[in-house]
Amino acid sequence: MPAPLAPLTLEIVVLLLGIVLLGFESFSKGGDRGWMARWSVAILSVVFAWSFFTTGDTGVDPSHAFYCADPLALFFKRIALLTTIIVMVISLEFRPVLEKFIPGIQPGSGTGEFFALPVFTCAGLMFMASAVDFLLIFVALELVTISFYVLVAYMRRQNASLEAGVKYLILGALSTGFLVYGITWIFGLTGETNLARITQVLPSLLAEGGRLHGSESALLFALMLLLIALGFKVAAAPLQFWVPDVYQGAPTPVTAFLSVGSKAAGFIVLARVLQTVVFLPSIAPKVLSVLGLLAVLTLLYGNLAALPQDNLKRMLAYSSIGHAGYLLVAFASIDPAAGNLYRTQTAIGFYLFGYLLMTLLSFLVMTVVSRHSRGDDIVHFNGLSKRSPFLAFGMLIAMLSLAGIPFTAGFYGKLLVFSTAIARQNFLLVSVGIITVAAGFYFYLKVVSAMYWKEPTEDQPVTASGLTKFTVAALCTAIFYFGIFPQSLLSMLPSDKAAPVAVSPAPHK
Amino acid sequence: MDPHLPWFVLLNPLLTAALIHLALRRAPAAATGLSVLSAVLGLITAIGIWFSGTPSAPIEISWIQLASLRIPIGLLVDPLSKVMLLVVTGVGALVHIYSTVYMAKDESKGRFFGNLSLFMFSMLGIVLANNFAMMFIFWELVGVSSYLLIGHWFTRDSAAAAANKAFLTNRIGDFGFMLGILLLWSASGTVVFPELAAKIGSLNLSAGFLTAAVLLVFCGAVGKSAQLPLHVWLPDAMEGPTPVSALIHAATMVAAGVYMLARISFLITLSPAAQSVIAWIGILTAVFAALLATQQDDIKRILAYSTLSQLGYMVSAIGLAAPGAAMFHLFTHAFFKALLFLGAGAIIHALHHEQNIWKMGGLAKSMRLTFLTFALGYLALIGCPGLSGFFSKDLILLAAWQQSKPVFALGLFTALLTAFYMTRLFVVVFLGQPRSAAAEHGHDGPVAMTAPLTLLALLSVVAGWPFIGHTLMGHDLAEGLHKIHAGGGAETVMSLATAAFFVGGAIALALYSKAKRDPLRIAPLQNKFYIDEIYAAFISATQDLLASVSNWIDRWILDGMLVRGLSGATWGTGFLLRFLQFGNLQAYAFLFGLGVVVLIYLMALR
Amino acid sequence: MSVTLNHYLLASGLLFAIGFSGVLLRRNILTIFMCLELMLNAANLSLVAFSRFNLGPDGLPNYNAQILVFFIITVAAAEVAVGLAIIVALYRARQTTHVEDINSLKF
Amino acid sequence: MSPLLFWIFAALMLVFGIGVIINRNPVASALSLVASFLCLAALFVGLNAYFIAVIQVLVYAGAVMVLFLFIIMLLDLREEQRRRFNLLAVAGGALVSLGFVAELVLVLRKFTLGQKPFAPIAQVDDVRQIGMTLFSTHNLPLQVTGVLILVATIGVVVLSKRDLK
């Protein structure tokens, strides 16, 4: 049987992989560094498979738990691993573009770190999934953020990449400032950094005669600072301004990584932080109403501003803001009386997994196509169905799922999210959600109509490597599989079967 | 009953569509054959289902299973869905056969038949769905597949615009539909129809809540069945190939709204307020569309407006708590309207895609069979005593007579207008002398075209006869019809309706039998018959005004502001929003800071 | 007048705000970056003050907070290194460190 | 710490902080930053956090500042040119900062706990305490920080080497 430390071995293997890759890289001859990505894909896949044989365990050291490996953490670790694997595949397709924009004597030299750094980022994301102490949350989050600073600015000869790097750096550091300040306040008020113990002490502190009785506003202030920092990471409006510029400027694999990995990790931290306070009757209503406001703003901003976009990468950036909005709906619909977050956790877990599949699929196809068409505007996708029916089909599936067509994973995720809002009778959120889904149809189908109904501007066929084709096929299959048989995924997530939440009858009459 | 039969009916067209789209797009002949074969098989199975009893256990497999939500993929086979199955598969099969000729020369025939099968699948999904969620999914799928069919000739700009308009307008209705479903689900905890019906009575919901829920669900029907004010897409959708119009815009898709309302009539009866709204929207649509139809020149557009008007009758009947009458009219209307569209298609086909009725004329001689069948369909539509339309329309008018005299008056007026504009169409197209070169060379189509026409003509005559119609409708629905009949006033209504038929037809006959151009468009001609001038002056004064006012409302208020305005406003907001994103790092930091200050205020200090 | 926790918190908050306004006002990315460091240190001051205030049962400050400060300083130093590297790369490519000059990505 | 010293160092810290943002010359800004951090270290001493105070001086006033000054010299940055005075930016910046401070003040006024004076403190042995904790219970975050520094090092090398191999 695995020792209690077993879950941590996943991270250790990933870190070792990163270090070994770097070691080999510095002694290898020749320019081609593609082997690094292929080895990463292989070994990370093994780790991914291994994660299913790791027993979930509550913690490393009960007296000072930084790390927990509950089913939710394991689930998000898998999301991190899968994201990294597919990002590596995207990176392989992206190599020709990358080589053009980094100074080097031999073609391909200097790309080694581009394949090694994501491995470390992956480890950071996995730590975030398990972090249950603000100290580890902070360190893991910064590990991820700092590696993204480097990755975003990686193409040093391309102004867009550098500009994106600078913007991400300054705004990211700003949000780090708020994160630190928020942690400070939480610590100051509770005397703890551990989430479980904060949950323990808060009710007595807030009770009549407790230390914090009468100064709820200080606790809310602290929480808001944290929400601002985490809202920044998950791209919630009005803290989302960095997203379109950074996503557009960053190298495409990094954009994909940012929009899935970074977002997923941000959401699990958000879930864990909210769990500490959301069941307190004096705190919950305000927290939930602010989350509701964030959700509405994010939904509207992401989906409406995506409408006039002509650049696919930028459109996907706005759409990723929109998806953050749907996820926030699940948070704003937490039931304070439920005593657990299972519904919300299940909804965001499923949603993010579906989002992973469809977003990475679209970025993968986009990378291949934009390499051939030399651009990532929607025009460059004109007539793709004639140039490569297979890739066009992949993109079609990705767009349909992003739009939320039934029997795709994207639909089921939206359904779960909306079901949380409906159970709370939060019809404002549901209405805004449905309006934005309708707007989403428009801009996702714009891509589809370009691919299928417009004449191609070039007729040279688009080719992709075998690995890419396999990945596209696998992602398409998964999108449909989890759309039709969602139970297989839901069983991995914390379920509310044990404590069924009855839908409350309408509060009329 | 063998539970495999309904599954077969549903999945057979899906399989066909998948096969065609994935493998047979380059082999149009095979695609055509396969599609027709599957449609005919579907019809045969539907007949089989009709003859077998109701299934003992619910036919369903589990799909979504949450604590608060169970959505099965389930099929509901009851008298209502059985009769609708007959309509859909029947008209569907005939349209498939007819299309083999009509689309013979089309380049992308494979795609057409693939999409036709896809449409059949989604339509049958609506018919058989046993829960709201599934119905909504197929509802959307019908929207998508009809979008593909209307836009079949997408290289034509007008076709693409029409397809877009249909899509957008329907989204508005579906938005309400979805909200209504969610409202009902949040109140009852189920979306499955039988469970909802069993539960809803014991929930003690307030009247306001029920009315809101019913009216929101009704929004879906307003969009799909093209009722006021979301009707604007239907006339434009005539850009699609004519067999598509016959299938989608006469017999099946537009009737889906009525079918859905009939399906949830147990809910509608709970809210009298919603009932009267539905009845009024229906009857106003009927009058409004009939008025517009009197001034159209395009044969398909006349038929489109006539469809709107008849759908208005059906919706109104739902509001009058007579879902049986609505379904009965849907049933008969499906046959004669499909017949009229296919007949119009035959004319358009023979006249090389000429659709203006003033360029036709005298076709009675050259297209004898088409003329005869069309005549039967025309008479059925305008309610000639003895034909199917007479019986079903009579029932709706009777229900109106019993419950609301103003609705009845409007319904009667619509019947008069219907007789008027259809006689105008009929006289101008078939009688008199040919008015263009093309019209002189009219000819009947091949057997694949005339056989469906003949069959439909037969059905248009007999489908309404009580002993046939009521048997086909099944026991429960027929029961409702008898109840209406027993409600009193039957003789009065029948004689008034017959009078309306004669008066409307006579006016049109008098006006148009000799006309070369439309006499209502121009100043009264110097005519020998003084009486003609009176007619023309009187009618043109009132009716021109009414028609042009309706037209104005239609074009500017409904189409312009509601449809274009809504989508334009959304797009415009998006366009403006992105100007927040003006690239300056410090501006972002400032907006971030502003967000921080506002959020902290809302959270901690409010 | 004795100095209370709130005095420290206010001083720290003011320093945080000064850093924030520097980020909003200065044009030079390097100076902006300095202001961000100012904000992080402001948080540290609060943290140490809270640590001194929340004495444990043994009468000692809560050292978990001081460890957190230690980590923040470490991480901030790493961030400075990476940030300055990006700024240098930007300067090499564009010969500027002014925020107005980097606005090619927009709308 | 005597109240007088607190007031002096806090005021100096804030004044030098303002110095960072009003100096036009980056070198002067950097020096103001060092001065502000030194005052901060003094406040740390006043809060009996000697170890942190030392780290603060070593890392910030030492390493980080040298790095900043080095880069300023390397890039040969001059004073910010007198571009057009952007009233809107100043007003916006002031609005946001003042708003934030106002909110903080409002929060602090309700924060009754913080109005109590500090309790007396026992004998401090913070270096030993922090060291023990860091390498026993807090080992996991420490290791992750090690990875973080590794990543940062790689990143700096990747971003600044002029030409590769």
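How many Å separate the centres of domain 1 and domain 2 of chain D, taken over C-alpha atoms? Keep that question in mind while you colour the two domains in this predicted model: select residues 1-78 of chain D for domain 1 and residues 124-165 of chain D for domain 2. The separation between the two centres, computed over C-alpha atoms, is 23 Å. Now look at where the two domains touch, a contact that takes 4 residues from domain 1 of chain D and 4 residues from domain 2 of chain D. On the side that belongs to domain 1, there are 3 nonpolar residues and 1 polar residue, with no charged residues.

**Chain D as a whole**

Next, show chain D alone as a cartoon, where you can count 6 helices and 0 strands, in the order α-α-α-α-α-α along the sequence. The radius of gyration of chain D is 21 Å, well over the 15 Å that the globule rule gives for 165 residues, and chain D is therefore more spread out than a compact globule. If you draw a box around the C-alpha atoms along the principal axes, its sides come to roughly 55 × 50 × 25 Å. Of the 165 residues in chain D, 37% are buried, and among the contacts between residues at least 6 apart in sequence, 55% join residues at least 24 apart.

**Two helices of chain D**

Select residues 139-160 of chain D, which form helix α6. This helix has 22 residues and reaches 32 Å from its first C-alpha to its last, close to the 32 Å expected at 1.5 Å a residue. Showing side chains along α6(D) brings up its buried residues, among them D:L140, D:P141, D:V144, D:T145, D:V147 and D:L148, and, further along, D:V151, D:A152, D:I154, D:G155, D:V158 and D:L159 are buried as well.

From there, move to D:I22, which lies in helix α1 (residues 3-22) of chain D. Is D:I22 buried or exposed? With 12 other C-beta atoms within 10 Å, D:I22 is exposed, because a residue with 12 or fewer such neighbours counts as exposed. A distance label drawn between the C-alpha atoms of D:I22 and D:V158 should read 34 Å, for a pair that is 136 residues apart along the chain.

**Chain C and its contact with chain D**

Now bring chain C into view, with its 3 helices and 0 strands, which follow the pattern α-α-α. Its C-alpha trace spans about 55 × 30 × 25 Å along the principal axes, and its radius of gyration is 18 Å, where a compact globule of 107 residues would have a value near 13 Å. Of the 107 residues of chain C, 73% count as buried.

With chains C and D shown together, select the residues in contact between them: 63 residues from chain C and 71 residues from chain D. On the side that belongs to chain C, α1 (5-25), α2 (29-53) and α3 each supply at least two residues, and the largest share, 21 residues, comes from α3(C). By class, this side of chain C has 43 nonpolar, 15 polar and 5 charged residues.

**Chain A against chain C**

Turn next to the contact between chain A and chain C, which takes 32 residues from each of them. The side of chain A includes at least two residues each from α5 (134-152), α6 (159-190) and α9 (242-249), with α6(A) giving the most, 17 residues. The residues on this side of chain A divide into 18 nonpolar, 9 polar and 5 charged.

Centre the view on C:I86 to see chains A, C and D meet around one residue: beyond its neighbours within four places in sequence, C:I86 is in contact with A:Y149, A:A153, A:G165, A:V166, A:L169 and D:L159.

**The nonpolar core**

Finally, keep C:I86 selected, since C:I86 is listed with A:M128, A:L136, A:A140, A:M224, B:V258 and B:A338 as having the most contacts inside the largest nonpolar core, which has 551 residues. The largest share of this core, 21 residues, comes from helix α3 (residues 63-94) of chain C. Return to the two domains of chain D where the tour began: domain 1 (1-78) and domain 2 (124-165) both give residues to this core, so the core lies between them.

Methods
Residues numbered from 1 in each chain as written. Chains lettered and ligands numbered in written order. Predicted model: local features only at pLDDT ≥ 70, side-chain atom pairs only at ≥ 80, totals over all residues. Core = buried A, V, L, I, M, F, W, Y, C linked by C-beta atoms within 7 Å. Buried ≥ 20, exposed ≤ 12 C-beta atoms within 10 Å, placed from the backbone. Helix = DSSP H or I, 4+ residues; strand = E, 2+ residues; numbered from the N terminus. Domains from an automatic or database assignment. Contact = placed C-beta atoms within 7 Å. Nonpolar A, V, L, I, M, F, W, Y, C, P; charged D, E, K, R; others polar. Expected span 1.5 Å × (residues − 1). Rg over C-alpha atoms; globule rule 2.2 N^0.38 Å.
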